[in-house]
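Hi,

Here is the structure I promised to pass on to you. Have a look at it first, and then read my notes underneath.

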Amino acid sequence: MRRKRVTGRFYVFVVLLLTGAYFILRELIPEVSQEAIVTMANATLTQTVDAVIMRNEVVTSYEGNGQIVFIASEGQQVVAGDEICEVYSAGYAEREMERLETVRQSIRTYHESILDNIVDQQLDLRERQVEDIALQLKALINNKSGGSLANLEKQLESAMSLRHEYLRQNRRDDLRLNQLYEEEEKRLNAISTWKTVATAPINGQVSFYLDGYEDYLSPANLSSVTIDDLRAVLAGRKPETNTTSRLQTSIFRVVSTDSWYIYLLSRDTTWNPVNDQEYSFQMAGFSDLAFAGTVVQIQKTDSEVMCVIQVQGSMGPLINRRSGTAAIGAYMSGLSVPRRAVATQGNQTGVWLTDDAGGTFIPVEVLSTDDYNALVEPITQGTLYVGQRVKVQ
């Protein structure tokens with residue numbers, strides 16, 4: 001018996017038959033949505049971002065460009081009221097101080113001449129103190145001993161002041177000596193009209209290095225600084241100053257050791273910091289120094305993400321650093337769902353629950369993502385929890 005040969009028409013018929021069956025079954029059998037169970041998960045985020053530092057500081061300024069004599073040293077810890085420097089107005093000249101020292105030398109010489117035959121153990125003690133410190137200072141300058149030049153200078157100045165005050169308090173009734181003291185008083189009064197003593201306005205760390213951003217990048221402007229403003233700072237562009245500030249010269253600042261801020265900027269728009277999240281970071285160039293802080297503010301554009309972190313405690317060696325790059329890290333804990341479970345309704349990101357109501361949309365913040373899963377946190381606490389089922393697209 002001869003078998004019939006299968007023709008091309010038969011194959012076309014089979015394809016049409018299967019296609020029709022598919023469409024009929026699709027209408028009769030409802031589509032089953034994929035689901036996933038919400039679980040707990042942790043994630044560690046590390047990345048490198050641009051950084052701009054905002055210090056919590058008070059700047060002291062004076063009008064004019066007079067001479068400044070520094071009393072405190074760079075980086076010194078001070079309390080409110082401590083003397084930082086002496087500011088002399090433009091009319092002051094160093095020769096006034098030289099004249100005062102000449103008069104004081106004359107007082108000392110004359111005092112010694114009228115006391116030549118009188119033993120004064122207290123005066124001898126003060127003389128030896130001045131001489132001893134002067135010898136130490138000389139040895140340090142000639143590299144024959146070690147120590148702090150600034151400390152020895154302060155000690156010598158203090159010893160000389162004590163000696164001079166002793167001579168004043170024990171002056172003899174002598175016409176020439178009284179004339180010399182009157183001359184000293186006149187020189188002191190003349191100098192005092194030019195001198196202003198600047199003191200620390202707050203407790204903190206003093207610095208004489210200023211970069212021109214102090215008024216602009218201050219906590220008072222925390223909420224008004226934008227991503228564009230920070231990009232301008234990173235590019236080295238200075239903010240415009242008003243007329244009043246141009247008439248004044250900033251001479252020092254005292255930086256609070258209680259807290260400070262750092263702006264972090266990234267062009268990776270998948271980075272999603274959230275308020276109250278904790279980050280650790282290290283500034284480039286300070287690899288042995290780590291800080292930690294809390295997110296207090298966030299800004300986002302289509303191309304960039306920025307967050308502000310508040311750091312408690314001292315800035316340490318970052319006191320004179322304004323910007324750079326930072327390596328940041330965050331340990332995050334949240335709810336894990338498949339990445340394809342994250343949906344958008346309007347402008348809000350969230351997930352769809354497969355509940356009795358036929359599907360409830362739960363708004364969430366996406367903390368981090370990988371190729372398969374997303375770490376999320378519900379906008380309203382308690383609306384999403386472990387064990388619930390969510391739709392997967």
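Below is what turned up, going from a sheet to the cores and then to one loop residue.

Please keep in mind that this is a predicted model.

Let me start with the sheet. Three strands form an open sheet in the order β4-β6-β7, and their pairing is antiparallel. The edges are taken by β4 (67-70) and β7 (195-199); each has a single partner strand, so one side of each is left without a neighbour in the sheet. From one strand to the next, the twist averages 25°. Between β4 and β6 (residues 83-88) there are four bridges in the antiparallel sense, and F70 stands opposite C85 in β6.

Now the nonpolar cores. The largest has 29 residues, of which W260, I262 and L264 touch the most other members. Elements giving two or more residues to this core include β2 (39-54), β10 (259-266) and β14 (323-338). If you click on I262, you should find A51, V52, I53, F281, M283, C307, V308 and I309 touching it, with residues up to four places away in sequence not counted. There is also a second, separate core of 15 residues, with A36, L353, I362 and V390 among them.

Last comes R237, in the loop between α6 (227-234) and α7 (243-246). R237 has a relative accessible area of 52%, so it counts as exposed, the cut-off being over 50%. Apart from neighbours within four places in sequence, R237 is in contact with Y213 and A232. Y213 lies 24 residues from R237 in sequence, with 9.8 Å between their C-alpha atoms.

Best wishes

Methods. Residues numbered from 1 in each chain as written. Predicted model: local features only at pLDDT ≥ 70, side-chain atom pairs only at ≥ 80, totals over all residues. Heavy atoms only, no water. Pairing = 2+ DSSP bridges. Axes fitted to C-alpha atoms, helices over the stretch in contact; angles between N-to-C directions. Core = buried A, V, L, I, M, F, W, Y, C linked by side-chain atoms within 4.5 Å. Buried < 20%, exposed > 50% of the residue type's maximum accessible area, 1.4 Å probe, protein only. Contact = heavy atoms within 4.5 Å.
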